[in-house]
Amino acid sequence: MERATLFALVTIIVVVYVFPYAFLVSTSLKPPADALAIPPTILPQRISLENYRNIATFPSVRQSFGNSLTIALLSTLITISLAVPAAYAVARFASLAGKIFLIAVLITRLIPPVSVGIPLFAIMRSLDLTDTHIGVALAHSTISVPLAIWLLASFMEGIPHELEEAARVDGCSRFGALFRIIIPVAAGGIAVTSVFVFLASWNEFLFALLLSSTSVKTAPIAIAEFRTQYGIQWGTMTSLSVLFSFPVIIFSLLMQKRIVAGMTMGAVKG
Amino acid sequence: MKRLSLVVLLFVLLSLTATAQDSVTLTILVEQGGFWLQEAAAAQFEEETGHTVEFVNVPYGSVFDRLSAEMATGGAAFDVATIDVVWMSHFAPFAEPLDDLFTDEVIGDLFSSLVADAQIGGTYIGMPTWANTEIIFYRKDLWEDPDEMAAFEAEYGYPLAPPTTWQEFDDMATFFTRDNDGDGEIDMYGTDVKGGVADFEWMIAVLQAGSPGVVLDADHNIIIDNEAHVAGLEYYISHHCDMDVAPPNVNEIDWGVAENLFYQSQTAMFRFWGHAYRLTRGDSPIADLVGAAPMVAGPGGVGAIPGPWFNIVPKTSENKELALELVQYLYDNNALGIEAPLGLAARKSAYAEYADVEGFENLNPLLQTLDGPQTIGRPAVADWQQIADEILGPIGTDALSCEEDPAELLAWGREQLEAMGYE
């Protein structure tokens, strides 16, 4: 009985989560005229790939996917490079300064990105970094670094001190211990954090809009262009959104084992 | 010989360097429509001048965001920006005056509402690049069917033809609202009521009712509760509340849904932006059966709200002279945009040039509507969007509940405007 209730509950949760995506996929497979049918239908009455074929007529869309990938990877690299040493220091030394630092980092997460959009734009302009991959990736890192530090700090707190001490006894420097011992042990946590950082950059809209012009336009901006003054081209927009979700789904599936391992890792402190 | 070759080589190199230095890249901020409609003229400009025109294409609402960011930081990323009329007041302090471009000849070739909209505080700041407005779309197979024509004339006492007045529109909407299979359900409505964009739609009826403007007069005094506003709002809701000639789920119907209802044969006629005629989908059951006619007249005459876009030159542009030259060029070659997907222009001569060309049957109705005596732009106030979102939308939605008195709703609208500082 308990099992049946649990199963029903899980089914409801899955349906609630999956329904919007299923409807997105379904709409992308409807002929454009049926996308706005009154009354709307959940499943396509006729299957059509026309929306997907239409994408080919917008060459800039393909480029925008490449830009999104480049920027997300760069942002992940920058964020992890900065967050790992910061999280390690906070977790290992457990000082008052470290605690204050963690709170300060958290506070930056509470500031709405829209309020820093224009100052960030001005800074990037003065550094001549607008409309460059690195400029947008740096902007995305400003959102991701605080989150990454928090996540990684909690993972690193779970790594026994003895492991590092043993490495130090064997002659490792502190950095050597970090790179040879801590990072490999925390790989699961780093993988989980990387997924979140990658997703944050992949989906980000505002900073990408402000900082890109022609060269580095990202996919969310390209998709939003189908919302015009006179309405939304649902067919093309949904088909692009489905394609846009594929890399993330594949990436998450590939990382699934590490994600699960990483999630449980932070739960038990050594 | 060697020396001569060296001199020639140097000359060629110097010429190339000089050309490279003279060639400038001009950047235009646009949304998709601005790109389509100006792409051909910009390409011709590049060919003739050797300069480069680079379009920065962003989503509709993001034009405002990007330009606002530029304005706030004093940036100079754009030499020209193509903006919606509703943003003109906001960007006026940021825009270079264009008075010199508005010669008598230019003014004479533009619709009067566009000339008015191009100015803020008596200074021209934007050159119209295209103008759209709502016209009537109808089913030619119904309107030209001999049986329908005979039945309509027998019932209403005048021939069936695209409606020109409120009364004719109401008669035809009623006539074509039908339960074809007798199951008690309406299969085709005469028209629609777009409650999803109520903030815009009922304004059109206000102008047709004879108001000198919408919400505010030319001096920005409140007129939201004048007789024409009451009459316009009552007319707007009548198709839903009194006549039942429109699909009942009015609040779900925005422009996209209304367009789809018509192209799926669920409405016989509707009021919609003129560009849609050229974008009729080939797989629609009525693909070859769509007719276009000018917007109807109310007691005040033919009227609609124009939706023009303007080219402005930001004061921060580093290539101001050339940007002004480009704006002038885009105006001179305005007709090139008509063959683009949206098929729109700003100049009367551009529309007239194509009005009799097959496939452009929407242009005469557009011309006549844009030239209508009651076609008047929205007030040029910086907080227009707030007025539309917080006052006009709720008034329209509440009125469509059919339980509120339009005059009382408009009195509430006056109070809100007064609270915003208007008198």
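Helices and strands here are runs assigned by DSSP and numbered from the N terminus, with at least four residues for a helix and at least two for a strand. Keep that in mind as you click along, and remember that this is a predicted model.

**Stop 1: a loop in chain B**

Select B:Glu318. This residue sits in the loop that links β12 (309-312) to α13 (320-332) of chain B. Is B:Glu318 buried or exposed? A residue counts as exposed if 12 or fewer other C-beta atoms lie within 10 Å of its own. B:Glu318 has 11 C-beta neighbours inside 10 Å, so B:Glu318 is exposed.

Now add B:Ala268 to your selection and draw a line between the two C-alpha atoms. B:Glu318 and B:Ala268 are 50 residues apart along the chain, and their C-alpha atoms are separated by 52 Å.

**Stop 2: chain B as a whole**

Zoom out until chain B fills the window. Its C-alpha trace spans about 95 × 50 × 35 Å along the principal axes. Colour by secondary structure, and you can look for 17 helices and 12 strands in chain B.

How does the radius of gyration of chain B compare with that of a compact globule? For 423 residues, a compact globule would have a value near 22 Å; chain B has 24 Å, which agrees. Of those 423 residues, 48% count as buried. Next, think about who touches whom: among contacts in chain B with a separation of 6 or more, 76% join residues 24 or more positions apart.

**Stop 3: two helices in chain B**

Select residues 198-208 and 384-399 of chain B, which are helices α10 and α16. Their axes lie 7 Å apart and the helices pack at an angle of about 70 degrees. Angles from 65 to 115 degrees count as roughly perpendicular, and α10(B) and α16(B) are therefore roughly perpendicular to each other.

Show the side chains where they meet. From α10(B), pick B:Ala198, B:Asp199, B:Glu201, B:Trp202 and B:Met203. Facing them from α16(B) are B:Ala388, B:Asp389, B:Leu392, B:Gly393, B:Gly396 and B:Thr397. Sorted by class, this contact holds five nonpolar, three polar and three charged residues.

**Stop 4: two helices in chain A**

Move to chain A and select helix α9 (residues 187-203) together with helix α12 (residues 234-254). Here the packing angle is about 180 degrees and the axes are 11 Å apart. Angles over 145 degrees count as roughly antiparallel, and α9(A) and α12(A) are therefore roughly antiparallel to each other.

Which residues make this contact? On α9(A) they are A:Val195, A:Phe198, A:Leu199 and A:Trp202, while α12(A) offers A:Val248, A:Phe251 and A:Ser252. Six of the contact residues are nonpolar, one is polar and none is charged.

**Stop 5: the domains of chain A**

Colour residues 1-48 of chain A as domain 1 and residues 59-265 as domain 2, following the domain assignment. The C-alpha centres of these two domains lie 31 Å apart. Eight residues of domain 1 and six residues of domain 2 take part in the contact between them. On the domain 1 side, five are nonpolar, two polar and one charged.

**Last stop: where the chains meet**

Finally, show both chains together. The contact takes 24 residues from chain A and 31 residues from chain B. On the chain A side, the elements giving two or more residues are α5 (113-126), α10 (206-211), α11 (219-224), β1 (227-228) and β2 (231-232). Select α5(A) before you finish: it supplies the largest share of that side, five residues. By class, the chain A side has 15 nonpolar, six polar and three charged residues.

Key
Residues numbered from 1 in each chain as written. Chains lettered and ligands numbered in written order. Predicted model: local features only at pLDDT ≥ 70, side-chain atom pairs only at ≥ 80, totals over all residues. Domains from an automatic or database assignment. Contact = placed C-beta atoms within 7 Å. Nonpolar A, V, L, I, M, F, W, Y, C, P; charged D, E, K, R; others polar. Axes fitted to C-alpha atoms, helices over the stretch in contact; angles between N-to-C directions. Parallel < 35°, antiparallel > 145°, perpendicular 65-115°, else oblique. Rg over C-alpha atoms; globule rule 2.2 N^0.38 Å. Buried ≥ 20, exposed ≤ 12 C-beta atoms within 10 Å, placed from the backbone.
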